[in-house]
Amino acid sequence: MTSKIKVQDLKKNYGENHVLKGIDLDVQNNEVVVIIGPSGSGKSTLLRCLNRLEAPSSGSIVVDDVDISDPKADINKVRQNIGMVFQHFNLFNNLSVSENITLAPIELKGETKEQAQTQAKKLLETVGLADKFDAKVQSLSGGQQQRVAIARALAMNPDVMLFDEPTSALDPEMVGDVLGVMKDLAKQGMTMVVVTHEMGFAKEVADRVIFVDDGKILEQGKPDAIFSNPQNPRLQDFLNKVLNV
Amino acid sequence: MKKWLIRSLGLVACLLGFLGVMLPNHTAQAAEKTYQIGTDVTYPPFEFANDQNKYVGIDIDIMNAVAKEEGFKVNIKPLGFNAAVQALEASQIDGVIAGMTITPARQAKFDFGTPYYKTGVVMAVKKDSNIKGFSQLKGKKVALKTGTAAATYANSIKDKYGFQTVTFDDSNNMYEDVTTGNSVACFEDQPVMQYGVAQGLDLKIVTKPANNGNYGFAVQKGKNKALLAKFNAGFKKIKANGTYDKIVQKYLGTSSTTSSASTKKNPKVADKTFTIGTDVTFPPFEFANDQNQYVGIDIDLLNAIAENQGFKVDVKPLGFNAAVQALDSGQIDGVIAGMSITNERKAKFDFSSPYFQSGVVMAVAKDSKVTKLTQLKGKKVAVKTGTAGADYANSIKAKYGFKTVTFDDSNNMYQDVETGNSVACFEDSPVMRYGIQQGTKLKIVTGPAEKGDYGFAVKKGVNADLLAAFNTGLANLKANGQYDKITAKYLGKDEQSATAKAKPAATQDTENRSFVGLIKQNKGALWDGFKETIWLTIVSIFFATIFGIVVGLLGAAPSKFGKGVSSTLIYIFRGMPLLVLALFIYTGIPSLTGSKIPAFIAGVVTLTLNEGAYTAAFVKGGIEAVDSGQMEAARSLGLPYGKSMRKVILPQGIRIMIPSFINQFIITLKDTSILSIIGLLELTQTGKIIIARNLEGFKVWTIVAFIYLAVITLLTWLSNWVQRRMDA
Ligand SMILES: Nc1ncnc2c1ncn2[C@@H]1O[C@H](COP(=O)(O)OP(=O)(O)OP(=O)(O)O)[C@@H](O)[C@H]1O
Ligand SMILES: [Mg+2]
């Protein structure tokens, strides 16, 4: 196993607000890392630093041997290998389902429309939405939109997928569909970094669970260890709250 | 319309000048044997006014030399070529020497003397040009002067050699078009061209004279054999004794090297075109008559003087204040606008000799009991901005305890008194007299106070030649009676007959004052104004939209610098009132840079900056209104900023912006009306001018308003259609 993402002493502050206070993190090839932690602890910020949607204040982030904290790095190139799925889906409202998926391959990989559409069809099949190829984005339910968003990210054939609370904005009955797609991905060996409150998913799929609080990693380990034998009192406190709701 | 107007005015002036010069001649001829010889106004080197405004040139010198040889007297009159020819035909004068080519058509009417100069059409190019012959002109542009033999010749060969022609009214403009490289060559009579080159033009003559001809001295056919014989005899002598060669050499030089040292004194105003500003409506000094032509004492005088002195004028009815500002900033060369000569103005302008004496009178409504200044206590008095009447009223208002209301326009001022809003108004007596003669329901109740003089003004220290020419011309018109004719035309010969004469009023009554009648009568002017408005709108919308989108995109970009530039531009140009911006660009910029800006361009720049700033603001807002997650999603796929903008953000933003765009187009159309302030003859200015003449404010503004509404309706339909197509 080699290291896919290597984060060293990552700090991020918005003015006086120090959000990340020194994060060290290695993500191995084919590893599924789940990040948990209370609201406002910096989970999203950490995830967004991994593809430079946020510029780090200090520290280094190396993805596939490219230091993306260096402003000279070709970030658009690196991003093509890192898919990202957002809490609010962010499908392009001016484009149809198929166009959402084919835009990047056509624009960036020079694929023809036919090639991109063939691939889009396959991806829609794998997320269970083959019949929505020509649909308008606005006509889809939240769960369907999120699965299209996953298909859109996969269309660039990334080696890493970042998920920021992909199910938080969904009605409960749709959560299962989206998690199902994510589980399949994990089984196929996709390297994944997932911010989620779905503890069941974490237990079942994660290779490693990371607990972030107040901008720092307070504890990490196998799901078993984290959930059945938490060490840090803050983690214990956190798990108490989430699991006993 | 403007060109046509000025041309017709020129014609009127020409005719007046012609009559004025001719009438006294009959008596002169009877008294002693002086031959009256007509010539052209400006045709260097054959005839032109030198810098002392004395007529000189080859024709003049030859004529004088011949007369001296033969012991007769000549009185040479620069009537203009056509006027001279007509005068000769009518036996008003005895002969014509005016660089006139001897042609069979002319020989049918006139007897010609010995040909005194051989001429032909030559082509000239820029000194550093490689062009040597007609065959190199293919696909190029060639500059010509209207009405010349050279232009006729060039037009006759242009198809054969495949060149295009550009026509100018003025030799200097034609030459300049070649020296700047717009045109590659120009055609002109050989001596004229040669003289220009000797005067320092950056041109060279590259062809031999074509279409050769001879200039001849002409007398009426069969009539003046004696004069012709004298001319031929004298001409033979001056050719023999070398005088002729000396004369020709004096103006043309023998070769291009021995050229000009002695002849450098070229005419300072001759053949130049001066732009003269005047008021929009200040009858009887300037106003549009019922054919929408500009007429009045100022206009007629100016044209007559221009004709007399051989320069050209482009008269612009800018409005009094705008004209004064334009003069101050060097946009125009002079102002004639019933302007009183005051010490204050003398600080900035140089004035001509006074051309009209005026004084301020007070007028009240016909049925008013007010007759004295003392009755004004506590009342309101109407004045027009910047007039001597206003100055006078302001100087005495404390003493007599009245208040003043200020108008930009005489008609509005009169109306304020007629309706009883103000009890009286102060105005220059000729203006007031004319207004009453035209049916304004006011009466004059005081004698003229603050007697003052009207003067023609140029910017201090600039255009001294124009001023000198004006003064000389004015003196000439006064001497030959033309001046009296012009003033009598508008004011009547004396005060009684002026007020009693109802003729202009009668012709007014025959005008059809119904809506249909008004439209019919003014359709030409309204159509021109409409076209100017539409053209201004289209060009301005085009540039404002480009400017707005660029600045808006800059403002929405992540760069701090771009954001700063964008919001500064929006701040400045959205914050500045359109009127101020227009005046600043039109009159302020030239004061800073020293170069003129045509009013149309100033207008387009104004609208581009102002409307563009609003456009930028909503373009920026439209982009920012698109959910930021859209940009993040696009960027996270690896799409660069520009692509994300084009493929994802703008298509969504434009939907948000479309109603604002439509709104902005409509506002731009309406805002063109503000540009009437810098004298653009668009729809609103056209309305003002028509009303100034017929006082049908309500009806004309209704017509103008309907035209605007009609265009806006069309524009709205068009935009709705576009929007529906985009939504589909
Ligand atoms: N663009 C920003 N500007 C200023 N402060 C920010 C910005 N983005 C995040 N923050 C702050 O950083 C802190 C961490 O935010 P972040 O979104 O990473 O938390 P989180 O762990 O993802 O929380 P949640 O579970 O609610 O999503 C918060 O205090 C937030 O207010
Ligand atoms: Mg978050």
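A salt bridge here is a side-chain nitrogen of Lys or Arg within 4 Å of a carboxyl oxygen of Asp or Glu. With that in hand, welcome to a set of close-ups of this predicted model.

**View 1. Lys384(B) and Asp279(B) join in a salt bridge.** The side chains of the two residues come together at 2.9 Å, N to O. Lys384(B) belongs to strand β21 (residues 380-384) of chain B, while Asp279(B) sits in the loop between β14 (273-278) and β15 (287-288) of chain B, so this pair ties together parts that are 105 residues apart in sequence. Look at how covered the two partners are: Lys384(B) is buried at 3% relative accessibility, and Asp279(B) is buried at 5%. For context, the structure holds 22 salt bridges over all chains.

**View 2. Further salt bridges can be found in chain B and in chain A.** Asp314(B) pairs with Lys316(B), with 3.8 Å between the closest N and O atoms. Asp314(B) is partly exposed, at 21% relative accessibility, and Lys316(B) is partly exposed too, at 23%. In helix α21 (residues 515-556) of chain B, Lys531(B) and Asp528(B) are 3 residues apart, which puts about one helical turn between them. Their side chains meet at 3.6 Å, N to O. Lys531(B) has a relative accessibility of 40% and counts as partly exposed; Asp528(B), at 25%, is also partly exposed. Over in chain A, a network of salt bridges links Lys4(A), Asp64(A) and Asp159(A).

**View 3. A five-stranded open sheet in chain B carries a helix.** Follow the strands across in the order β4-β1-β5-β13-β6 (chain B), and you will meet mixed pairing along the way. At the edges are β4 (73-78) and β6 (110-112) of chain B, each of which pairs on one side only. Helix α3 (residues 58-70) of chain B packs on the sheet, where it touches β1 and β4 of chain B. The direction of this helix makes about 165° with that of β4(B). Inside the sheet, strand β1 (residues 34-39) and strand β5 (residues 95-96) of chain B run in the parallel sense and share 2 bridges. To find your place in this pairing, look for Gly38(B), which stands opposite Val96(B) in β5(B).

**View 4. Chain A and chain B meet at an interface with an area of about 1,700 Å² buried between them.** Carbon and sulfur atoms give 56% of that area. Phe92(A), Asn94(A) and Glu107(A) are good residues to look for, as together they supply 29% of the area that chain A buries against chain B, more than any other three residues. The contact draws 21 residues from chain A and 17 residues from chain B. Between the two chains there are 3 salt bridges and 8 residue pairs in polar contact. Glu632(B) and Arg48(A) form a salt bridge, with their closest N and O atoms 2.6 Å apart. On the side of chain A that touches chain B, α2 (75-79), β6 (82-85), α3 (97-109) and α5 (142-154) of chain A each supply at least two residues. Of the elements on this side, α3(A) gives the most, with 4 residues.

**View 5. Glu682(B) is buried in a loop of chain B.** The loop lies between α26 (641-671) and α27 (683-694) of chain B, and Glu682(B) has a relative accessibility of 0%. Its side chain reaches the backbone nitrogen of Thr684(B) at 3.1 Å. Setting aside neighbours within four places in sequence, Glu682(B) is in contact with residues including Gly529(B), Glu532(B), Thr533(B), Leu536(B) and Tyr708(B).

**View 6. Strand β9 of chain A is mostly covered.** In this strand (residues 208-213), 6 of its 6 residues are buried. Arg208(A), Ile210(A) and Val212(A) point one way, and Val209(A), Phe211(A) and Asp213(A) point the other way. Strands of a sheet pair through backbone hydrogen bonds, either parallel or antiparallel. Strand β3 (residues 32-36) of chain A pairs with β9(A) in the parallel sense over 4 bridges, and here Val33(A) stands opposite Arg208(A). With strand β10 (residues 216-221) of chain A, β9(A) pairs in the antiparallel sense over 5 bridges, and Ile210(A) stands opposite Gln220(A). These two strands, β9(A) and β10(A), form a hairpin with 2 residues between them, and Asp214(A) in the turn has a positive phi of about 50°.

Methods
Residues are numbered from 1 along each chain as its sequence is written. Chains are lettered from A and ligands numbered from 1 in the order in which they are written. This is a predicted model: local features need pLDDT of at least 70, side-chain atom pairs count only at pLDDT 80 or more; totals for chains, interfaces and linings use all residues. Side-chain values use heavy atoms; hydrogens and water are left out. Buried means under 20% relative accessible area, exposed over 50%, partly exposed in between (1.4 Å probe, protein chains only). Two strands pair if DSSP finds at least two bridges between them. Contact means heavy atoms within 4.5 Å. Axes are lines fitted to C-alpha atoms, for helices over the stretch in contact, and angles run from 0 to 180 degrees between N-to-C directions. Buried area is the accessible area (1.4 Å probe) that two parts lose on being put together, summed over both. A polar contact is a pair of N or O atoms within 3.5 Å; within protein, one must be able to donate a hydrogen and the other to accept it, and residues adjacent in sequence count only if both atoms are side-chain atoms.
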